[in-house]
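Biologist: Could you walk me through this model, and tell me the reasons behind the words you use for it?

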Amino acid sequence: MDALKELVTKLEAAFSGRLVSVTLYGSAATPGWSDRFSDFNVLCVVKEVTPKELGDFEPVLTWWQAQGHRPVLLMSEEEVYNSADRSEEHTSELQSHHDL
């Protein structure tokens, strides 16, 4: 988990006041996590994604992937909000058409 702490530190430095959150998800975020079998799935949310954010993100992403990790998912607050709305809408649609 030291690698995650270093990643967060690098993201905080890269994005300064523009960083909203860094979230670990997937199997590594569960009690059954195993460093031999679980990879790190990381979502980084910033206020907005512009060419500046992409440029500031690139060296951190390059470093992270050089460590053998999966790419970090970068999204804006608006993208996260809209994807959450669409997800609920999609789930409702599926429930009305299929047995879940």
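Modeller: Gladly, and please keep in mind that this is a predicted model. Let's begin with the largest nonpolar core, which has 18 residues. Among them, Leu7, Leu11, Phe15, Cys44, Trp64 and Val72 touch the most other members. Helix 1, strand 2 and helix 2 (51–66) are the elements that give two or more residues to this core.

Biologist: What makes a set of residues a nonpolar core?

Modeller: The residues must be buried, must be of a kind such as Val, Leu, Phe, Trp or Cys, and must be joined through side-chain atoms within 4.5 Å. In soluble globular proteins, nonpolar side chains tend to be buried together.

Biologist: Which residues is Val72 in contact with, beyond its neighbours within four places in sequence?

Modeller: Val72 is in contact with Leu7, Val42, Cys44, Phe57, Leu61 and Trp64.

Biologist: How do you know whether Leu4 is buried or exposed?

Modeller: Leu4, a residue of helix 1, has a relative accessibility of 11%. Buried means under 20%, so Leu4 counts as buried. Leaving aside its neighbours within four places in sequence, Leu4 is in contact with Leu24, Phe40, Val42 and Trp64. Leu4 and Val42 are 38 residues apart along the chain, and their C-alpha atoms are separated by 9.0 Å.

Biologist: Why is strand 2 called mostly covered?

Modeller: Of the 6 residues in strand 2, 6 are buried. Both faces are covered: Asn41, Leu43 and Val45 lie on one side, with Val42, Cys44 and Val46 on the other. For the protein chain of 100 residues, 27% count as buried.

Biologist: Now the sheet. What is the order of its strands?

Modeller: The sheet is open, with 3 strands in the order 1-2-3 and mixed pairing. Strand 1 (19–25) and strand 3 (73–76) each have a single partner strand, so they stand at the edges, with one side of each left without a neighbour in the sheet. From one strand to the next, the twist averages 20°.

Biologist: What makes the pairing mixed?

Modeller: Strands 1 and 2 pair in the antiparallel sense over 6 bridges, whereas strands 2 and 3 pair in the parallel sense over 4 bridges. At least two bridges are needed for a pair, so strand 1 with strand 2 qualifies at 6, and strand 2 with strand 3 qualifies at 4. Val22 stands opposite Cys44, and Ser21 has Val45 as its bridge partner. In strand 3, Met75 is opposite Val45, while Ser76 is the bridge partner of Val46. The chain crosses from strand 2 to strand 3 through helix 2, and this β-α-β crossover is right-handed.

Biologist: Which strands does helix 1 touch?

Modeller: Helix 1 (residues 2–15) packs on the sheet and touches strand 1, strand 2 and strand 3. The direction of helix 1 makes about 160° with that of strand 1.

Biologist: Arg18 caught my eye. Where is Arg18 found, and how do you know whether Arg18 is buried or exposed?

Modeller: Arg18 is in the loop between helix 1 and strand 1. The relative accessible area of Arg18 is 18%, and the limit for buried is under 20%, so Arg18 is buried. Beyond neighbours within four places in sequence, Arg18 is in contact with Val45, Val46, Lys47, Lys52, Glu53 and Asp56.

Biologist: What makes Arg18 and Ala14 a polar contact?

Modeller: A polar atom of the Arg18 side chain lies 2.8 Å from the backbone oxygen of Ala14. The cut-off is 3.5 Å, for a pair in which one atom can donate a hydrogen and the other can accept it, so the 2.8 Å distance falls within the cut-off.

Biologist: And Ser16: why is Ser16 called exposed?

Modeller: Ser16 has a relative accessible area of 56%. Exposed means over 50%, so Ser16 is exposed. Ser16 also sits in the loop between helix 1 and strand 1, and has a positive phi of about 45° although it is not a glycine. Most residues other than glycine have a negative phi.

Biologist: Finally, what pattern does the protein chain follow along the sequence?

Modeller: The pattern is α-β-β-α-β-α, with 3 helices and 3 strands.

Notes. Residues are numbered from 1 along each chain as its sequence is written. This is a predicted model: local features need pLDDT of at least 70, side-chain atom pairs count only at pLDDT 80 or more; totals for chains, interfaces and linings use all residues. Side-chain values use heavy atoms; hydrogens and water are left out. Axes are lines fitted to C-alpha atoms, for helices over the stretch in contact, and angles run from 0 to 180 degrees between N-to-C directions. Contact means heavy atoms within 4.5 Å. Buried means under 20% relative accessible area, exposed over 50%, partly exposed in between (1.4 Å probe, protein chains only). A crossover is right-handed if, with the strands pointing away from the viewer, the path from the first strand over the helix to the second runs clockwise.
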